[in-house]
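Student: I would like to go through the terms used for this model and see what each one rests on. Where should we begin?

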Amino acid sequence: MTVQHKPNTEELVSIAEMVWSSYLDPDGVRPLVVDPAPGWGLGPTDVVATVAISGAWDGRVLLSFSPPAARRAAAALLAIAEVDDVGEGDVADAVGELANI
């Protein structure tokens, strides 16, 4: 018998915090800041990735970064020492991978 569980907000935030600290902030100096009620007002230059999830729970994971935050996240995930060395392809790869994780 399979037991299905619908995750609650606290569980989803906990997963996001684990991913963030594991991949982007292993030294604990840049904690994850979660917007508990994101609006529809994404900026025209925001970097966004989304992944659909279906099964016991159907929904979407949506990550939205300002361009500077996306570059810093890409540098951290891809171990690029200088943020200025992060290219557009690096940003797209990193933000997409973070949504998948």
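Tutor: Begin with helix H2 (residues 67–78), whose buried residues pack against S1, S2 and helix H3 (88–100). This is a predicted model, in which local features need pLDDT of at least 70 and side-chain atom pairs count only at pLDDT 80 or more, while totals for chains, interfaces and linings use all residues. Residues are numbered from 1 along each chain as its sequence is written, and side-chain values use heavy atoms, with hydrogens and water left out.

Student: Which residues of H2 are buried?

Tutor: Ala70, Ala73, Ala74 and Ala75. Buried means under 20% relative accessible area, exposed means over 50%, and partly exposed lies in between (1.4 Å probe, protein chains only).

Student: What makes H2 a helix in the model, and S1 a strand?

Tutor: Both are DSSP runs, numbered from the N terminus: a helix is H or I over at least four residues, and a strand is E over at least two. H2 has 12 residues.

Student: How do you know that the span of H2 agrees with the expected one?

Tutor: The expected span is 1.5 Å times one less than the number of residues. For the 12 residues of H2 this gives 16 Å, and the end C-alpha atoms are 16 Å apart, so the two agree. Just after H2, Ala79 takes a positive phi of about 55°.

Student: Why is Val91 called buried?

Tutor: Val91, which is found in helix H3, has 5% relative accessibility and therefore counts as buried. Leaving out residues up to four places away in sequence, Val91 touches Val47, Ala70, Arg71, Ala74 and Val86. A contact here means heavy atoms within 4.5 Å. Val91 and Ala70 are 21 residues apart in sequence, with their C-alpha atoms 6.2 Å apart in space.

Student: Is Leu78 buried, exposed or partly exposed, and why?

Tutor: Leu78 has its place in helix H2. At 37% relative accessibility, Leu78 falls between the two limits and therefore counts as partly exposed. Apart from neighbours within four places in sequence, Leu78 is in contact with Asp90 and Ala94. The C-alpha atoms of Leu78 and Asp90 are 7.8 Å apart, at a separation of 12 residues in sequence.

Student: And why is Ala94 called buried?

Tutor: Its relative accessible area is 0%, so Ala94 meets the limit for buried. Ala94 is found in helix H3 and touches Ala74, Leu77 and Leu78, not counting residues up to four places away in sequence.

Student: Why are H2 and H3 called roughly perpendicular to each other?

Tutor: Their axes come within 8 Å and cross at roughly 80°. Axes are lines fitted to C-alpha atoms, for helices over the stretch in contact, and angles run from 0 to 180 degrees between N-to-C directions. Angles under 35 degrees count as roughly parallel, over 145 as roughly antiparallel, 65 to 115 as roughly perpendicular, and the rest as oblique. The pair is therefore roughly perpendicular. Among the residues that meet there are Arg71 and Leu77 in H2, and Glu88 and Glu97 in H3.

Student: What makes a set of residues a nonpolar core?

Tutor: They must be buried Ala, Val, Leu, Ile, Met, Phe, Trp, Tyr or Cys residues joined through side-chain atoms within 4.5 Å. The largest such core here has 15 residues, and those with the most contacts inside it are Val47, Phe65, Ala70, Val91, Val95 and Leu98. S1, H2 and H3 are the elements that give two or more residues to this core, and H3 gives the most, with 5 residues. In soluble globular proteins, nonpolar side chains tend to be buried together.

Student: How do you know that S1 and S2 pair?

Tutor: Two strands pair if DSSP finds at least two bridges between them. S1 (residues 47–53) and S2 (residues 59–65) are joined by 7 bridges, so they pass, and they run antiparallel. Ile53 has Gly59 as its bridge partner in S2, and Ala49 stands opposite Leu63. The two strands form a hairpin with 5 residues between them, and Gly55 in the turn has a positive phi of about 145°.

Student: What pattern does the protein chain follow, read along the sequence?

Tutor: The pattern is α-β-β-α-α, which comes to 3 helices and 2 strands. Of the 101 residues of the chain, 18% count as buried.
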